[in-house]
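Here is a walk through a protein–DNA model. Follow it with the structure in view.

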Number of protein chains: 4
Amino acid sequence: MKNDKSTKILNAAIKIFADKGYQYATIAEIAKEAGISKGLIHFYFESKLDLILSIILSFLEHVNKLNDIKLKEINNPIDSLKTVFGTFQDLLLKDDENLYWGKILNVGLPEVGKIKSEVLRNKKIEIDNQNSKLFNTIDKFIIEGQTAGLLNKSLKPEIVRQIFGGSSQFLTTGMYLQLCGKGGLGYNKDDVKKAMNMLIDSFVV
Amino acid sequence: MKNDKSTKILNAAIKIFADKGYQYATIAEIAKEAGISKGLIHFYFESKLDLILSIILSFLEHVNKLNDIKLKEINNPIDSLKTVFGTFQDLLLKDDENLYWGKILNVGLPEVGKIKSEVLRNKKIEIDNQNSKLFNTIDKFIIEGQTAGLLNKSLKPEIVRQIFGGSSQFLTTGMYLQLCGKGGLGYNKDDVKKAMNMLIDSFVV
Amino acid sequence: MKNDKSTKILNAAIKIFADKGYQYATIAEIAKEAGISKGLIHFYFESKLDLILSIILSFLEHVNKLNDIKLKEINNPIDSLKTVFGTFQDLLLKDDENLYWGKILNVGLPEVGKIKSEVLRNKKIEIDNQNSKLFNTIDKFIIEGQTAGLLNKSLKPEIVRQIFGGSSQFLTTGMYLQLCGKGGLGYNKDDVKKAMNMLIDSFVV
Amino acid sequence: MKNDKSTKILNAAIKIFADKGYQYATIAEIAKEAGISKGLIHFYFESKLDLILSIILSFLEHVNKLNDIKLKEINNPIDSLKTVFGTFQDLLLKDDENLYWGKILNVGLPEVGKIKSEVLRNKKIEIDNQNSKLFNTIDKFIIEGQTAGLLNKSLKPEIVRQIFGGSSQFLTTGMYLQLCGKGGLGYNKDDVKKAMNMLIDSFVV
DNA sequence: GATGAATGAGCTTTCATTCAT
DNA sequence: AATGAATGAAAGCTCATTCAT
């Protein structure tokens with residue numbers, strides 16, 4: 001298991017980043033939340049950017065690892081797609097209350113593109129790899145489904161992927177809810193899962 | 001027509017904000033892009049925040065105004081929904097190249113929630129109103145459609161709205177593309193429109 | 001008579017400087033108070049500093065001119081001193097309400113020492129001359145009084161002058177009142193005059 | 001004893017504020033004078049305003065504390081008044097050379113009234129309290145003296161207080177000297193003390 | 001004379017990061 | 001490992017002043 005302090009820092013950072021956004025979150029605040037000193041954060045993490053990237057990366061690695069396991073037992077593209085999005089949603093909605101994970105992705109992913117430091121280049125590559133792995137998995141099943149005549153072919157695969165991805169994200173951390181300042185989602189985890197499955201089914205020929 | 005310099009500033013700001021994000025965009029850079037001095041930006045706009053809020057607000061006002069006009073001639077909820085999302089996508093994809101508008105929304109909307117200054121309170125309220133108007137319009141047609149037996153009732157209206165909204169946004173400014181650092185969408189405006197219409201149709205009973 | 005606009009500007013400046021202090025008063029605010037444009041202020045006055053210096057200077061010139069006239073008819077140092085301080089107090093308390101003049105002196109005199117611009121060097125010299133004239137007049141009468149055996153000699157003349165000057169200023173624009181945020185003086189013009197005369201008399205042998 | 005750096009900053013600030021005035025003093029200059037970085041000033045003090053308020057406050061607290069001690073041993077209003085003004089003058093003339101303390105009060109007190117920040121509200125209240133304590137002490141002894149028939153009753157107590165206060169301030173940091181750009185006072189600490197005592201005695205019946 | 005858009009120097013303040021202890 | 005004082009770059013914002021109209 002990872003170092004205890006390191007975990008404490010990451011958890012504090014998740015909370016603060018999710019609540020305040022990357023920009024408005026400060027190292028001082030994260031340190032306070034974690035109950036340690038500012039200096040110690042830089043002992044465990046290169047920089048503020050490294051901190052959020054580490055969060056993002058570990059999330060993506062987790063998602064992909066889970067998929068690797070679950071997908072082994074499934075051998076048709078439709079169920080595979082449902083599994084992938086199901087896994088994703090389970091994680092994002094893990095803490096129904098705060099929706100930290102969805103917020104962290106919203107807040108952190110834009111930062112990935114801003115990386116300039118040479119030191120973080122590797123972390124960026126890792127994140128890109130995990131991202132690609134996730135999206136390639138989705139793309140692969142969509143193409144397989146269409147090729148096998150199981151999924152509607154009238155839409156390009158990348159279009160279908162955007163519809164599935166967009167729906168999935170909005171259902172879990174939806175823009176609408178943030179814009180209107182509403183706290184909760186107005187529906188529960190089961191509603192989301194049912195909705196995604198229905199959406200995917202509606203593309204089944 | 002609006003003041004010339006004011007427009008110049010707004011256009012420069014749209015470009016810089018979209019490219020760099022709110023945080024990393026600087027007043028100095030926007031001024032340089034606009035070909036004017038830093039000070040002049042504060043002559044036309046209260047603050048950096050006011051600048052991006054003004055952009056967001058004018059976009060939303062434009063969207064709602066267009067909808068008001070177009071929806072007058074339509075009297076069934078299905079076509080109305082198609083029209084609303086069609087309008088939105090036309091605007092977001094106006095400059096195929098840069099996708100500035102989609103990026104600006106991604107970058108700017110999170111800032112709306114951060115407003116503290118008393119001076120900008122009014123602008124926040126205006127934005128909230130325009131946002132509500134847009135989303136209420138969508139919600140209304142979904143409910144109308146379900147009530148009239150035209151749209152599948154097995155999903156809660158707010159779930160349907162999230163699916164439509166999420167798909168629409170991902171199709172136009174989709175996360176996937178940003179994550180992978182790809183410049184273009186890989187498909188065109190017509191593909192998007194066709195996809196949204198098909199998606200909506202798939203909910204028609 | 002001086003130019004009408006110029007007077008308007010000066011009156012506005014007196015009000016704003018007295019209310020806000022030199023530092024926090026802005027040209028924009030003075031222009032607004034005067035009902036003219038910012039630019040016009042710089043047509044009539046070199047700079048913000050020139051503006052307050054002009055106010056101070058014209059006040060001092062006025063004081064000295066009045067003294068020149070009144071003192072001609074008096075030929076003993078005691079009454080002369082009473083006259084000088086009486087004149088001063090009449091002017092400072094002219095607008096009982098706002099005490100602008102006292103405040104302006106408090107606010108403006110420290111700025112005289114800050115003058116660096118070559119252009120304002122002359123104005124500084126003029127102010128210094130008027131200042132010296134006023135204080136030399138006072139010093140002269142004190143020395144005359146002491147030499148003639150009319151005034152207590154046990155205190156150095158410059159000490160006596162500081163007592164008279166300090167009492168006079170505190171009685172009219174007193175620090176105490178400002179510190180405690182009290183609006184008025186708590187006593188009237190006649191009280192002040194009586195007090196100064198008594199104070200001077202208490203030094204009469 | 002107070003933190004070393006904090007003291008260094010305060011001393012540097014006293015010098016710079018006294019020399020340049022609040023407005024023209026810059027954080028950069030104070031930092032340079034203190035031999036530390038700009039940032040560190042904001043580590044110890046909220047803001048530039050907090051800096052000067054802290055100076056004022058600690059001065060007033062010191063004055064009041066000294067008075068509390070000294071006044072215990074005195075039981076007539078005349079000597080009490082002499083003691084209070086004596087204490088004040090001792091402090092203001094502590095560094096004969098620079099007269100920093102008198103200048104700081106001139107420069108800083110007007111800023112107290114300008115406080116708007118919520119954070120500094122408490123400091124303002126503390127300063128107001130210390131101010132009130134000092135002035136109430138003076139007022140109390142004047143009234144006691146008049147009531148006991150020891151002090152001339154023909155002048156209102158608030159008038160007497162202004163005469164004593166104004167004389168005291170002018171004797172220590174007098175306007176005249178500043179106006180004429182003269183460095184020194186032209187008289188010494190003993191002259192001042194003797195003068196104040198004589199002034200007070202002249203009000204004794 | 002009069003305007004007000006435009007300039008740009010200069011300021012305070014923030015905060016990630018460093019490093020002596 | 002851990003602290004937190006100390007740094008300094010960087011940024012937003014103000015406002016006196018200028019000048020084309």
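**The surface near the DNA**

The residues of the surface near DNA strand E divide into ten nonpolar, 13 polar and eight charged. Here Ala, Val, Leu, Ile, Met, Phe, Trp, Tyr, Cys and Pro count as nonpolar, Asp, Glu, Lys and Arg as charged, and the others, Gly among them, as polar. This is a predicted model: local features need pLDDT of at least 70, side-chain atom pairs count only at pLDDT 80 or more, and totals for chains, interfaces and linings use all residues. Residues are numbered from 1 along each chain as its sequence is written, while chains are lettered from A and ligands numbered from 1 in the order in which they are written.

Of the 31 residues around DNA strand E, the nearest are Ile27(A), Ser47(A), Gly39(B), Gly39(C) and Ser47(D). A residue is near if its C-beta atom, placed from the backbone, lies within 6 Å of the strand. Helices H2 (27-34) and H3 (38-44) of chain A each supply at least two residues of this surface. So do H3 (38-44) of chain B, H3 (38-44) of chain C, and H2 (27-34) and H3 (38-44) of chain D. Helices are DSSP runs (H or I, at least four residues), numbered from the N terminus.

Now turn to the chain pair. A turn of 179° and a shift of 0.1 Å along the axis lay chain C on chain D with an RMSD of 0.1 Å. That is the relation of a two-fold axis. Copies are superposed by least squares on C-alpha atoms of residues with pLDDT of at least 70 in both. Of the residues of chain C, Gly166(C) comes closest to the rotation axis, at 2.1 Å (C-alpha).
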